[in-house]
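Subject: The structure we talked about

Hi there,

Here is the structure I promised to pass on. Have a look at it first, and then read on for what turned up in it.

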Amino acid sequence: MKKLSLYVFLVLMFCNVGFALPESTKNNIINTIERNSMVSKAKFGHDEVGGDSSYTIFWIWMPKISGKDYNAIADYFCPVFKVNGLSGITVSIKKSGTYNTLGRAYCR
């Protein structure tokens, strides 16, 4: 019984975005984030590279500017996901035109 409980808990823990989000919700999140003048592109990771929709990462591309705290910038975008009913998302800031990570935040 303990093992069953553990398995159920683990499945539920990793399923918070494991369902297909309505396209309108995805577009709302992307449009809200892309309104920021620093952002050149924004996508859910699984939409960008294909694959499993339970891949709970969101990528934001912006230019690299010396002295910026990109972890704090990533954290700044977390409320956009909460307002849209999502949690457990990792926001990853990428250097424009690349997949090089500049900063990350985990949105609870």
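Let me start with a term you will need: a residue counts as buried when its relative accessible area is under 20%, as exposed when that area is over 50%, and as partly exposed in between. Please also keep in mind that this is a predicted model.

**How confident is the prediction?**

The chain has a mean pLDDT of 85, with 81% of its residues at 70 or more. Confidence is highest in α4, with a mean of 97, and lowest in helix α1 (residues 2-13), with a mean of 50. Over residues 8-19 the pLDDT stays under 50, and the model has 13 contacts beyond four places in sequence for that stretch.

**The core**

In soluble globular proteins, nonpolar side chains tend to be buried together. Here, the largest nonpolar core has 22 residues, and I29, I33, F58, I60, F81 and V91 are those with the most contacts inside it. At least two residues of this core come from each of α2 (23-34), β1 (41-44), β2 (57-62), α4 (70-76), α5 (78-83), β3 (89-95) and β4 (101-107).

I33 is a good place to zoom in. Not counting residues up to four places away in sequence, I33 touches V39, A42, F58, I60, F77, V80 and F81.

**The strands**

Next, follow β2. Six of the six residues of β2 are buried, so this strand is largely enclosed by the rest of the structure. Which residues cover its two faces? I57, W59 and W61 lie on one side, F58, I60 and M62 lie on the other, and all of them are buried.

β2 has pairing partners that you can trace on your screen. With β1, β2 pairs in the antiparallel sense over four bridges, and A42 has I60 as its bridge partner there. With β3, β2 runs parallel, and six bridges join the two. In that pairing, I60 stands opposite I93, while F58 has V91 as its bridge partner.

β3 is largely enclosed by the rest of the structure too, because six of its seven residues are buried. One residue to click on in strand β3 is S92. S92 has a relative accessible area of 0%, so it is buried. Leaving aside neighbours within four places in sequence, S92 is in contact with I57, F58, W59, I60, T101, G103 and R104.

β3 also pairs with β4: the two run antiparallel and are joined by six bridges. One of the partnerships here is K94 with T101 in β4. The hairpin of β3 and β4 has five residues between the strands, and G97 takes a positive phi near 80° in it.

**The disulfide**

How many disulfides does a search of the whole structure find? It finds one, and this disulfide joins C78 to C107, with an S to S distance of 1.9 Å. The pair links distant parts of the chain, since C78 is in helix α5 and C107 is in strand β4, 29 residues apart. The link of C78 and C107 is left-handed, with -70° about the S-S bond. Both cysteines, C78 and C107, are buried.

**Two polar residues to look at**

The first is E34, found in helix α2. Is E34 buried or partly exposed? Its relative accessible area is 32%, so E34 is partly exposed, as that value falls between the 20% and 50% limits. A polar atom of the E34 side chain lies 3.0 Å from the backbone nitrogen of A42. Leaving aside neighbours within four places in sequence, E34 is in contact with V39, K41 and A42. E34 and W61 are 27 residues apart in sequence, and their C-alpha atoms are 9.5 Å apart in space.

The other is N84, in the loop between α5 and β3. The side chains of N84 and N28 are joined by a polar contact of 2.8 Å. Not counting residues up to four places away in sequence, N84 touches T25, N28 and I29.

If you are wondering where to begin, try I60: this residue is among those with the most contacts inside the largest nonpolar core, and I60 is also the bridge partner of A42.

Enjoy exploring, and write back with any questions!

Best wishes

Note on methods: Residues numbered from 1 in each chain as written. Heavy atoms only, no water. Core = buried A, V, L, I, M, F, W, Y, C linked by side-chain atoms within 4.5 Å. Buried < 20%, exposed > 50% of the residue type's maximum accessible area, 1.4 Å probe, protein only. Contact = heavy atoms within 4.5 Å. Pairing = 2+ DSSP bridges. Polar contact = N/O pair within 3.5 Å; in protein donor to acceptor, adjacent residues only side chain to side chain. pLDDT = per-residue confidence, 0-100. Disulfide = S-S within 2.5 Å.
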